[in-house]
Amino acid sequence: MIEDDERLAGMVVTYLGQNGYAVAHATTAAAGLAELQASAPALVLLDLMLPDADGLEVCRRIRALGAPLASVPIVMLTAKGDPFDRVVGLELGADDYLPKPFEPRELLARLRAVLRRPQLAEAETGVRQFGRLAIDSGARKVTVDGQPRSLTAYQFDLLQALAERAGRVLSREHLIDAVKGESLEPFDRSIDVHIGRLRQAIEDDPRQPKRIITVRGAGYVFAKVQDA
């Protein structure tokens, strides 16, 4: 959330947090753009009037970033009554706008609606794209730079389970349940072997993985942003 009204931002952060959303708040355009590139959020809430830049210009800068950051959904918040600003915002690439003051429940409903759109588009194509890596669920194929990578059925299911939960740390037990593969005993580390083979197939350097990251003592996380 890029918003200089700290009272409003505090209310939104608390309300969305109660509904399962983690929100990072920045009070300036510069801080917001830096946070966007550092954390690759699922959505940006962008105020139209900021102390160091116009929200429309910030929207333009976001859309000029490289993939996948350029495609992050943007919901603009505006106190202006002139519909021209809203139209320009949509033309610059904003996905929706919400005039101030607004009801928190309406904000939540709009965020959920915007976040569903990429999922619906993905369901139609069956392809998940993570930079140079593409996962075609329908064809059960994986490519890097358009070149196919050979995976076993179990490896593909494991990769898909990770990709569906990109950005979340998943324990070994969670991955086993998600894949519904072999029946493994508690503390069985064979999932680590599968991860190692999967890295051999999709990582540029399996010894320094950028796609499937180990979180010591917790499990694995599939990176949302994998290529510069």
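Which residues does L162 touch, not counting residues up to four places away in sequence? They are L170, L175, I195, L198, I212, Y220 and F222. This is a predicted model. The protein averages a pLDDT of 86. L162 is among the residues with the most contacts inside the largest nonpolar core.

**Confidence**
- Of the residues, 88% score a pLDDT of at least 70.
- Mean confidence is highest in strand β1, residues 44–47, at 96.
- Mean confidence is lowest in helix α4, residues 83–91, at 68.
- The pLDDT drops below 50 over residues 181–187. Beyond near neighbours in sequence, this stretch has eight contacts in the model.

**Nonpolar cores**
- In soluble globular proteins, nonpolar side chains tend to be buried together.
- The largest nonpolar core here holds 25 residues. Those with the most contacts inside it are I135, L158, L162, I212 and F222.
- Helices α6, α7 (172–179) and α8 (190–202) each give two or more residues to this core. Strands β5 (133–136), β6 (141–144) and β10 (219–222) do so too.
- Helix α6 supplies the largest share of this core, seven residues.
- Another core, of 20 residues, lies apart from it. Its members include L33, L36, L69 and A94.

**Q155 in helix α6**
- Q155 is found in helix α6, which covers residues 153–164.
- Q155 has a relative accessible area of 9%, so it counts as buried, the cut-off being under 20%.
- Not counting residues up to four places away in sequence, Q155 touches S150, R197 and L198.
- L198 is also among the residues that L162 touches.

Key
Residues numbered from 1 in each chain as written. Predicted model: local features only at pLDDT ≥ 70, side-chain atom pairs only at ≥ 80, totals over all residues. Heavy atoms only, no water. pLDDT = per-residue confidence, 0-100. Helix = DSSP H or I, 4+ residues; strand = E, 2+ residues; numbered from the N terminus. Contact = heavy atoms within 4.5 Å. Buried < 20%, exposed > 50% of the residue type's maximum accessible area, 1.4 Å probe, protein only. Core = buried A, V, L, I, M, F, W, Y, C linked by side-chain atoms within 4.5 Å.
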